[in-house]
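Dear colleague,

Please find the structure below, handed over for your use. My notes on it follow, arranged by region.

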Amino acid sequence: LSSPSGLTHESHKKDVEQVYLRCSEGSIEWMYPTGALIVNLRPNTSPASYKHLTVCIKPFKDSAGANIYLEKTGELKLLVRDGDRSPSKVYCFGYDQGGLFIEATPQLDISRKITGFQYELMSKGMASDLHTVSAPCRPCSDTEVLLAVCTSDFVIRGSIQDVTNKAEEQESVIHVRVNKLYRQKSKVFHLTGESGNWQGQIKTLLECGVKPGDGDFLFTGRMHFGEARLGCAPRFKDFQRMYKEAKDKGLNPCEVGPD
């Protein structure tokens, strides 16, 4: 978390402050913004890998007081306008497309403003998984499912308890009861209540039209800004068939533990 403050140079409202971030994910809070802030993302990886990185930012719900631009060689492209209120909207761009330039907008009382956002750096392949432009709700092929089991941030066998649709955010929240936890990167799925059941929530696009249904599914997906995002989710019996066929041919990309 980086938290610069405009009050440290209130008398120099044209000042430009530089911030260097080494982590692959985190957040920035610019308190009482004045002047401008240049955000330099310098991950601890080889510079040769930079061209394969995508940067995503997600403004805080109450972020205000500055415009956020993508800057490259002095040219500015507006990413987030001060005052935009788009819940859960994520803005992504290639690392080689430029850096972030945050410019404070004129305010009568800067003490009431805080500009902030979360950021993540990821490989371009992972980013395209999360933000597929074409056919985002398309069912996965057998090969995609088997690969997702090996590479996803979470892999669980479970059933859909309920689905909450959020029209404003254009998202659906799938409430999942977990019958078997194969893997999870973060503790999104956890034991709840006296019943001792494992439960958790997975988000997906509203347009995919997910509805509660009977039976078990194999849920896979990625963690994105602390939330589980749905990837491939075949019915569990279909996954068993795919996995057995691939294993019999020696083509399964990784081993999956017993049911």
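Which residue in β13 is the bridge partner of Ile174? The partner is Ile202. Please bear in mind throughout that this is a predicted model.

Strands β10, β11 and β13

The pair Ile174 and Ile202 belongs to a longer contact: β11 and strand β13 (residues 197-205) run antiparallel and are joined by eight bridges. Strand β11 (residues 171-184) also pairs with strand β10 (residues 154-166), again in the antiparallel sense, over 12 bridges. Within that pairing, Ile160 has Val176 in β11 as its bridge partner. β10 and β11 form a hairpin with four residues between the strands, and Gln170 takes a positive phi near 55 degrees there.

Two charged side chains in the model sit over rings. The charged end of Lys180 is placed over the ring of Tyr182, 5.3 Å from its centre. Arg157 lies over the face of Phe236, at 4.0 Å from the ring centre.

Helix α3

Phe236 leads to helix α3, which covers residues 236-248. At 1.5 Å a residue, its 13 residues should span 18 Å, and the end C-alpha atoms are indeed 18 Å apart, which agrees. The buried residues of α3 are Phe236, Phe239, Met242, Tyr243 and Ala246. Viewed down the axis of α3, these buried residues fall within an arc of 115 degrees, so they line one face of the helix. The general rule behind such a pattern is that an α-helix has 3.6 residues a turn, so residues three or four places apart point the same way. On the face of α3 turned away from the buried side are the exposed residues Lys237, Lys244 and Asp248.

Aromatic pairs

Three of the buried residues just named also meet through their rings: Phe236, Phe239 and Tyr243 are linked by ring pairs into a cluster. In the structure as a whole there are five aromatic pairs. One of them joins Phe217 and Phe219, with ring centres 5.8 Å apart and planes at 40 degrees; the pair counts as tilted because that angle is neither under 30 nor over 60 degrees. Both residues fall under the 20% limit for burial. Phe217 has a relative accessible area of 12%, and Phe219 has one of 2%.

The four-stranded open sheet

Another part of the model is an open sheet of four strands, in the order β2-β9-β4-β7, with antiparallel pairing. Strands β2 (25-31) and β7 (91-94) stand at the edges, each with a single partner strand, so one side of each is left without a neighbour in the sheet. From one strand to the next, the twist averages 25 degrees. The partner of β2 is strand β9 (residues 114-123), to which β2 is joined by seven bridges, the two running antiparallel. Within this pair, Ser27 stands opposite Gln118 in β9.

The hairpin of β5 and β6

Finally, strand β5 (residues 66-72) and strand β6 (residues 75-80) pair in the antiparallel sense over five bridges. Lys72 has Glu75 in β6 as its bridge partner. The two strands form a hairpin with two residues between them, and Thr73 in the turn has a positive phi of about 45 degrees.

With kind regards

Key:
Residues are numbered from 1 along each chain as its sequence is written. This is a predicted model: local features need pLDDT of at least 70, side-chain atom pairs count only at pLDDT 80 or more; totals for chains, interfaces and linings use all residues. Side-chain values use heavy atoms; hydrogens and water are left out. Two strands pair if DSSP finds at least two bridges between them. Axes are lines fitted to C-alpha atoms, for helices over the stretch in contact, and angles run from 0 to 180 degrees between N-to-C directions. Rings of Phe, Tyr and Trp (its six-membered ring) pair if their centres lie within 6.5 Å; planes under 30 degrees apart count as stacked, over 60 as edge-to-face and the rest as tilted. Buried means under 20% relative accessible area, exposed over 50%, partly exposed in between (1.4 Å probe, protein chains only). A charge sits over a ring if NZ of Lys or CZ of Arg is within 6 Å of the ring centre and within 35 degrees of the ring normal. The expected span of a helix is 1.5 Å times one less than its number of residues. The arc is that of the directions from the helix axis to the C-beta atoms.
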